[in-house]
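Colleague: Could you take me through one part of this model closely, and then set it beside how helices pack elsewhere in the structure?

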Amino acid sequence: MNLPLNMSEAELIIPELIMLAGLIAIILIPNFGDASFRIPLSRMKVPILIGGNRFKLTSNPKLPNRVSLAIFSTAFFFALMQTTYGKVGDTLEVTPFSRLFTLIFTAALILATIATTHRIPARANLNAPKDSDSENVATKKINALIDNRRQVDFHIILIMVGLGMSLMSMATHLFMLFVCIELASLSSYILVAFHKESKVGGEAGMKYFIVGSVASAIGIYGMSMLYLWNGDLSLDALALAWIESETVDPIAGIAVGLMLVAFGFKVGAAPFHLAAPDAYSGASSPVAGLLATASKAMGFVALMRILITVTMPESGEAFWFTTIAIIAVVTMTWGNLAALTSTNPKRILAYSSVSHAGYMLAGLAAIGSGLASEEAMKLILTAIVFHLAVLVVFKFGAFLVLSLLETEGRSHELKDLHGLARREPLIAGSMFLFMLSLAGVPPLSGFLSKFLMINGIVNVSAGTGTSDVSSVMDWVTSVEPVFWLAFAIVLNSALSMFYYLRIGLVMFFEEPENNKPMKDALSLRIAIAFCALFTVIIGIGPLSDSLLQMAADAIDSFISN
Amino acid sequence: MGETKNEYRLLLPLLPFLAIVPLLSLQSDSSPTDFAWLIVVAPFIMFPIILITGQVYNKNETWKNTWKEGGILGLAALSVSLSTTIWIVYDYLIGHADIQENTVASWLEWISFDVLQSDYTISQNRILGVDVWVDSLTLMLLFVATFLCFLICWFAIGYMTTDPINEDSNHRFFAEFVLFSLGMFGMVLADNFLWLFIFWEVMGLCSYLLIGFYYWKESAAAAAKKAFLTTRVGDVFLMIGLLILYDIYGSLDFAVVFDDPSTGIGGAVVESSQLFWALMMLFIGAVGKSAQFPLHVWLPDAMEGPTPVSALIHAATMVNAGLYLVARLMPFVDVHHHGVAGLEDFGLIVAWIGGITAFMAASIAFVQNDIKKVLAYSTMSQLAYIFTGLGSALYFLNTGDHHAGYFVLGASLFHLFNHAMAKGMLFMASGSVIHEVHHAHDHLHHGSDHGDHDFDPQDMRNMGGLASKMPVTSTAMMFGSMSIIGIPLIGGFWSKEGIIAETWAAYFHGETMMLGPALLILATAGMTGFYMSRMWFMTFAGQPKSDVIDHVHESTPWIKEPLLILTLITAIGGFALAILGVVDFLSNESQHLSLHGHSLTEQIIHELEHAFLPEDSKLRLVGWTTILLSFVIGPVMAARIHGGQLKEGQSANIFVGWLVKLSGKLGTQDVTWLAESQLAEALDKRLYFDDLYEGIISRTVIPFAEFSAWFDKNVIDGIIKQVESNSVLGSVQIRKVTTGSARDYILMATVGALCIFALLVGVNA
């Protein structure tokens, strides 16, 4: 028998296999029942388990959530423990790079699952509404029943997102890469529109889907042109062909440009980010958190593959340098400016996420300048990967706080955060910590990643300016443009403080609408506390060293490909 | 006034904390220095815990009675620090670790980065992190700091939680107390000047917060501000000094700077004039922190804080930071070890500042009636002694006489040790007196309106005859005063003798400029004898001067234990350490505390000979003059003026009883004419320094401050407001693009795609 996967290869992708098995299990388990099959012409009954009266234990609506949590946790654990790496088939390769991203994705999914426990609560022993119920009560009961019913749906999609993303980070073939991205993206569109009975949810999901599919279509068109040019879409072959061609072939150049549109949409780069704030504010907070962390990380993996692995020349400036640099500056400025006057905390976080994409794009642009030494390039890439990893902690942490607010049906207005410090001092303190980390205040983890990034970019531009000039303008022009990317990041960081601190301001100094503490969502609170703790200890201390080391190893494996 | 209740059972939560160090030492093979971070981290963790728990459980009974509003938690953190310190010190004393090798133990490495020079080249890789620097100076000060922080925290539990004025705010006290401790420990352990400065500022902040603990009292708030601003003047200079140092050496790490102070960055020869200014700036910082002339004005006012704060910050630990800094500077001038020659003037300036402060503070102390103020001036005066000693050490080391230099350095640091122990105890004892007098007064006038509201429990004119009422306190205060005065064989005698002798030795060496400080501190020795004795006799001897005194009992728990421990240390610790050669140890001359191969008796005789019968006849004269002044003339005068028998039927314990009786036999002397003279009034007004400063400040600083305020409000704020309003405008505009219509989004995406093409084609064409 010819198995599609031999054992040694299967060992490499245990986390993905777990997710796959979980996908099947989560469909099967709730349907277990006492159905049996009577062998014809006999009285013997063989239990077939599927169907019939469902068992009480497995039909508990809370079960899918638990299963999903267990799946992601084991996947996370196995990804963390993995020490062997290698190729799986022709189109996948497990490297430290892909494993780090699997960790990022599963960590985000774990947090999303925990938050969903309270965001879409499942309750056992619900009754159908009776005729005597008033309309209000009946609607409530029906909604609760619907929430129970769609537990499985939600978690199936969540697992598909995880599977798509995780496979995507291992893809060594552009086509595989695209298919996996689409698996994750299509699933996430559904997640955005999951609360279809609310108007904003459906609308946001629809918009996100339309703009996303346009971007994907453009990207696939670009990919087909790339195929036309080379005839082979594996990353190695493309990179080889790129180096061999003396000048940039117009077809290849246009193809890469088209793909930038698709991936630019995924990372939320201007001007392709416009649907993102709508999607974030329409989606439930756990899903928005997923979009802001895991989905963005996925986009950056794709961008890094196409920009660094394939089209980065051995020496000299990459042809996309100016483009990406301009996109980077526009993206960060746009994101920060738009966030300034926003009054919806989710939109603020969405725009902040846009500006963070700009910072990371600036790092990529600095590499594209061709001035970077091997070391500086590694430093910048490490900073990007590290930033994507720590984002899970504090960006998702902020969305978890919003999830907690959403359990009482709020979080669409800044005033829902008013006086949070008085109602929930610890939650408000954590939220403030997340904001500071997003703004990049030392010694939090957000500072470390931003610092490494700026350090890397300045490092690239070092040695270009001269100090013996007579006027400021002489100096300005003598400095390599890359330096101004770092400068733009610094200026934008200053701008961003304005809205990050405003959230702190309203939490601590405004009067709350009511003084009651919030719902007792214990696991969500624990998750928030964990995020707050990690925001600090990944910023300073031995854990930050080991995570940085992991990121550096990941980049080593990424570059050597 | 209930019976003294034993509250030792409340200490049970300390047990797991005390177990940490023994467990670590059993488990780990590495040197205890590797765990030095525990000393700082323990209070660092406890600080927010106390603050937050206190905020949440403020009025809770358990929190109040069992946890003493955070006091027990603070004590637990400090017990970790103390036990770690003892572990490290023990390791050095038994000779496991080598004291002459400064140990730099890596503690925490945060981020490493490259430095972009002003000429836009990357220079070198820098690591931002914290290391720990351990040498004998560190060890001594670390022990003093952790030990006294622990004891004073213990004392504060009794003092603070039984005072109704502190109702519900003690968690704030203990949190700030613990934060202060971490600042002090961190400063002592820091391995470079920058971290030293950072922790220095942490202490400054805590000093401000704790002086202003009773912030609703106007005088306390003003005192806190005064202390903060005055030390800030010094800190600005300190920072300038650090910048000059960085300019010279390109680093602020002790390891780099002290490796070879005569070569600067890139192998350049260090100019003595440049280094002189760096050291002077650092010294001004030290002057501010240690309340020396002319930045001394804040310390007496700082007594507005709770008494444990005075004991801890303004006597035993923080004010020593300046001394520590100056002692740290020794390698710069030590020509024997690559130091830079030609810096004798720096030593002379240090010695002069010390001499002037010593004399001035002692003379002001003559007329103070507030028991804490006397101690405050005494602190200034004693710190000034140490400065004089350090000045002589700087002088000797720079002129090449390193034996004398090391000796006086060791003696100065030994005096620091003795003074910290004695003064910490004296403040706690004064706290005990104030606390009990205050209680007695409240008790006496409880519920009556005609009570004497102007009664000041700190005024010694309301006391007298307390020796029989407060046996432990009076004994502690007697030994403490003896140590400060320098009564032969007790505590401070051993160190003070060395400082005075070596300062004179510098003069005899031919440095005529040393005559001034030498004369000043010699005179101060006698004055110290007078004002310390005056304080003791006014408080404890003679007839009670108010009816409150009859009702005083020494009954508050938690207060006596620290006093007893410190009394023991003051009484015999100085002698014991002197015999063990602590002076050589502190100046890094010898490795360990030991008898140096002699028998105990030999060593005792050697030390006594050294102290009382030095070979040099001139020094012998100086020594005996000191003893005469401080032991005989000062105390006898004080006893004649303020001493006297106790009330009929009262008797004091055997330690202090003889002194009271003696003072009664010496007769009395009337000094009203002197007390009413102009000199006394000038001293009472603190020699008009405060008025002078206020005059200068209101004419110079305040107009400048008003201009700054105007500039800030109009120019800087104006620019920021402009930026803000423009940003908001831009924000509103840019958000108009987000229309909410998917069609527009696709349009924008198309425009973006076209732009990408234009850029790709345009740039590459």
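**A bent helix and two helix pairs**

Modeller: In this predicted model, helix H21 of chain B bends by about 45° at B:Gly573. The helix covers residues 560-579, has 20 residues, and reaches 29 Å from its first C-alpha to its last, which is close to the 28 Å expected at 1.5 Å a residue. B:Gly573, the site of the bend, is itself among the buried residues of H21(B), as are B:Gly574, B:Thr570, B:Ala571 and B:Leu577; the buried set also includes B:Lys560 and B:Pro562. What covers these buried residues includes helices H5 (136-161), H17 (402-444), H18 (471-485), H19 (493-508), H22 (582-586) and H23 (600-612), which belong to chain B. After H21(B) comes B:Gly581, with a positive phi near 80°.

One of the covering helices, H17(B), also packs with helix H16 (residues 371-399) of chain B, at an angle of about 170° and with their axes 8 Å apart. Angles over 145 degrees count as roughly antiparallel, and H16(B) and H17(B) are therefore roughly antiparallel to each other. By class, their contact has 17 nonpolar, ten polar and two charged residues.

In chain A, helix H9 (residues 235-244) and helix H12 (residues 285-310) pack at an angle of about 40°, with their axes 9 Å apart, and are therefore oblique to each other. Here A:Leu235, A:Leu238, A:Ala239 and A:Trp242 of H9(A) meet A:Arg305, A:Thr309 and A:Val310 of H12(A), a contact that has five nonpolar, one polar and one charged residues by class.

Definitions and conventions: Residues numbered from 1 in each chain as written. Chains lettered and ligands numbered in written order. Predicted model: local features only at pLDDT ≥ 70, side-chain atom pairs only at ≥ 80, totals over all residues. Helix = DSSP H or I, 4+ residues; strand = E, 2+ residues; numbered from the N terminus. Expected span 1.5 Å × (residues − 1). Bend = angle between axes of the 7 residues up to and from the residue. Buried ≥ 20, exposed ≤ 12 C-beta atoms within 10 Å, placed from the backbone. Contact = placed C-beta atoms within 7 Å. Axes fitted to C-alpha atoms, helices over the stretch in contact; angles between N-to-C directions. Parallel < 35°, antiparallel > 145°, perpendicular 65-115°, else oblique. Nonpolar A, V, L, I, M, F, W, Y, C, P; charged D, E, K, R; others polar.
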